[in-house]
Amino acid sequence: MIDDLPPLRAVIARHDLRAKKALGQNFLLDLNLTARIARAAGDLRGADVLEVGPGPGGLTRGLLAEGARRVLAIEKDPRCLPALAEIAAAYPGRLSVIEGDALAIDPLAHLTPPIKVVSNLPYNVGTELLVRWLTPRDWPPFWDSLTLMFQREVAERIVAKPGSKAYGRLALLAQWRCEARIVLTLPPEAFTPPPKVSSAVVQLTRLAEPRFPAPAAMLERVVATAFNQRRKMLRSSLRTLDPGIEARLTRLGIAPTARAEEIGLEAFCALARDLDAG
Ligand code: SAM
């Protein structure tokens, strides 16, 4: 027992929270598991937590039981609000719930640093939210760490290394300014209803400085362009960025015949700096 609130199955039955596929609803009902995910985010005492998509509140309860100073939960489905209000009443002053689309809400107005983001993300907006959190206008971002559940295949793309099929834009964006690792994998049966594929929790901890200097906008552009045509050689996939790309790559010690998936973070950063300089 992590709290005195009713079991999640009872909460779901009482509030008639039948999962809706369109909202990416696959609920975690095992509170020991949600407390474990909360612990993967590190020490929550003294931190505010942003949770996107609390649903019936299993992870929310884990976060509060593990000592989060405050939790801000953004939920699109109004059916979940009465269940979340019961949790708020059990933890006075520590849980705020906003009904709405996480893509349209600025959480900063409601949170005080240090801030951790911990969420079992809806699959349809998960990648978009992650990319937003990884590409703020200024670094460091508003958050200290992101602890996020994704479909396993997406989690593997975030932590992928050069030379693997999963390596691409997400890996480079994540690993440029964060330490990224998979901390937990879960089979479909851990969820109600079970999704088609396995899931994994990724822990991203921000670095104070990027691993290698590079202008963010140019790095994002180079990486997106290179992986847009990942099977092509760089001299061809990057030509739209610079007609003289072949000579530039050679000068930088990058083989113009290499493909994007063979190029590491350091070389992409060097190329972005060079292109930015003109
Ligand atoms: N956190 C709960 C759990 O672990 O059991 C539910 C996770 S479920 C995968 C995703 C939740 O995100 C659902 O409750 C869904 O209604 C909500 N959701 C979907 N799209 C959303 C959006 N754009 N903004 C906020 N919440 C959203």
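This report describes the ligand site and one buried glutamine in a predicted model.

## Location of the ligand

The ligand occupies the largest pocket of the model. Two elements each give two or more residues to the shell around the ligand: strand S1, spanning 27–28, and strand S3, spanning 70–75.

## Composition of the shell

Around the ligand there are 20 residues, of which Leu 28, Gly 53, Glu 75, Asp 101 and Asn 120 come nearest. Sorted by class, the shell comprises 8 nonpolar, 7 polar and 5 charged residues.

## Polar contacts with the backbone

Backbone atoms of Gly 53, Pro 54 and Gly 55 lie at contact distance from the ligand. For Gly 53, a polar backbone atom is 2.8 Å from a nitrogen atom of the ligand. For Pro 54, the distance between a polar backbone atom and a ligand nitrogen atom is 3.4 Å. At Gly 55, the ligand partner is an oxygen atom, which lies 3.5 Å from a backbone N or O atom of that residue.

The protein buries 99% of the 600 Å² that the ligand exposes when taken alone.

## Gln 175 and Lys 161

Gln 175 belongs to helix H7, which covers residues 169–177. The relative accessible area of Gln 175 is 11%, and this residue therefore counts as buried, the limit being under 20%. The side chain of Gln 175 makes a polar contact of 3.0 Å with the side chain of Lys 161.

How values were computed
Residues are numbered from 1 along each chain as its sequence is written. This is a predicted model: local features need pLDDT of at least 70, side-chain atom pairs count only at pLDDT 80 or more; totals for chains, interfaces and linings use all residues. Side-chain values use heavy atoms; hydrogens and water are left out. A residue is near a molecule or strand if one of its heavy atoms lies within 4 Å of it. A polar contact is a pair of N or O atoms within 3.5 Å; within protein, one must be able to donate a hydrogen and the other to accept it, and residues adjacent in sequence count only if both atoms are side-chain atoms. Accessible areas come from the Shrake-Rupley method with a 1.4 Å probe; for residues, only the protein chains shown count as cover. On a 1 Å grid over the protein atoms alone, a cavity is a set of points where a 1.4 Å probe fits but cannot get out, and a pocket is an open set with protein on both sides within 12 Å along at least five of seven lines; lining residues have an atom within 4 Å of a point. A molecule sits in a cavity or pocket if more than half of its atoms lie within 2 Å of its grid points. Helices (H or I, at least four residues) and strands (E, at least two) are DSSP runs, numbered from the N terminus. Ala, Val, Leu, Ile, Met, Phe, Trp, Tyr, Cys and Pro count as nonpolar, Asp, Glu, Lys and Arg as charged, and the others, Gly among them, as polar. Buried means under 20% relative accessible area, exposed over 50%, partly exposed in between (1.4 Å probe, protein chains only).
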